[in-house]
Amino acid sequence: MGTLKNHVQLIGNVGQEPTITNLESGKKVACFSLATNEYFKDAKGEKQTDTNWHTVVAWGKTAEIIEKFVSKGKELGVTGKLKTRTYTTDDGNERYVTEVEANEILLLGSKNEK
């Protein structure tokens with residue numbers, strides 16, 4: 001049961017081209033948004049979509065795979081954990097960001113997609 005602590009699995013579509021950063025250590029980091037959709041029928045019986053956006057960060061080999069094979073619109077499966085970090089804006093306000101730190105991705109969709 002210990003492996004289920006802070007565990008996230010998402011399937012969605014990449015919202016924009018991933019940003020790849022090469023660190024001084026030689027390690028790579030990839031950052032992108034992932035849209036997940038839930039479908040339901042409203043009170044009138046009409047189909048509705050609820051879209052949630054997630055910021056995904058990946059390091060090392062996972063970032064390299066993202067750099068080579070992932071582009072805007074690509075359907076992905078992501079497994080990882082939630083990480084919250086704090087930063088201070090230029091005007092001195094403190095902000096909190098919760099991101100999905102991916103440790104594994106699964107490329108979904110057709111083979112013809114990049």
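User: Why does Thr79 count as buried?

Analyst: In this predicted model, Thr79 has a relative accessibility of 19%, and since buried means under 20% relative accessible area, Thr79 counts as buried. The residue lies in strand 5, and, leaving out residues up to four places away in sequence, Thr79 touches His7, Val8 and Gln9 as well as Glu101, Ala102, Asn103 and Glu104.

User: Tyr87 lies in strand 5 too; what makes Tyr87 partly exposed?

Analyst: The relative accessible area of Tyr87 is 36%, and partly exposed covers what lies between the buried limit of under 20% and the exposed limit of over 50%, so Tyr87 is placed in that class. Beyond residues up to four places away in sequence, Tyr87 touches Asn93, Glu94, Arg95 and Val97. For Val97, which is ten residues from Tyr87 along the chain, the C-alpha separation is 8.2 Å.

User: How do you know that strand 1 and strand 5 pair?

Analyst: Two strands pair if at least two bridges are found between them, and strand 1 (residues 8-14) and strand 5 (residues 75-88) have six bridges, in the antiparallel sense, so the condition is met. Within this pairing, Asn13 stands opposite Glu75 of strand 5.

User: What makes strand 1 and strand 3 a pair?

Analyst: Two bridges join strand 1 to strand 3 (residues 28-41), and the two run antiparallel; because the requirement is at least two bridges, strand 1 and strand 3 pair as well. Asn13 takes part here too, with Ala35 as its bridge partner in strand 3.

User: Which residues have the most contacts inside the largest nonpolar core, and which elements give two or more residues to this core?

Analyst: The largest nonpolar core has 16 residues, and those with the most contacts inside it are Phe32, Leu34, Val56, Ile66, Leu76 and Val78. Two or more residues are given to this core by each of strand 1, strand 3, strand 4 (47-59), helix 1 (60-69), strand 5 and strand 6 (94-107). As for Leu34, its contacts outside its neighbours within four places in sequence include Leu10, Val14, Trp53, Val56, Leu76 and Val78.

User: Why is Ile65 called partly exposed?

Analyst: Ile65, whose place is in helix 1, has a relative accessible area of 38%, and because this value is neither under 20% nor over 50%, Ile65 is partly exposed. Together with Phe69 and Leu107, Ile65 forms a nonpolar patch on the surface, and the accessible area of the three together is about 250 Å².

Notes
Residues numbered from 1 in each chain as written. Predicted model: local features only at pLDDT ≥ 70, side-chain atom pairs only at ≥ 80, totals over all residues. Heavy atoms only, no water. Helix = DSSP H or I, 4+ residues; strand = E, 2+ residues; numbered from the N terminus. Core = buried A, V, L, I, M, F, W, Y, C linked by side-chain atoms within 4.5 Å. Buried < 20%, exposed > 50% of the residue type's maximum accessible area, 1.4 Å probe, protein only. Contact = heavy atoms within 4.5 Å. Patch = residues over 30% accessible without salt bridge, like charges linked within 9 Å, V, L, I, M, F, W, Y side chains within 5 Å. Areas by Shrake-Rupley, 256 points an atom, 1.4 Å probe, with all protein chains shown as cover. Salt bridge = Lys/Arg side-chain N within 4 Å of Asp/Glu carboxyl O.
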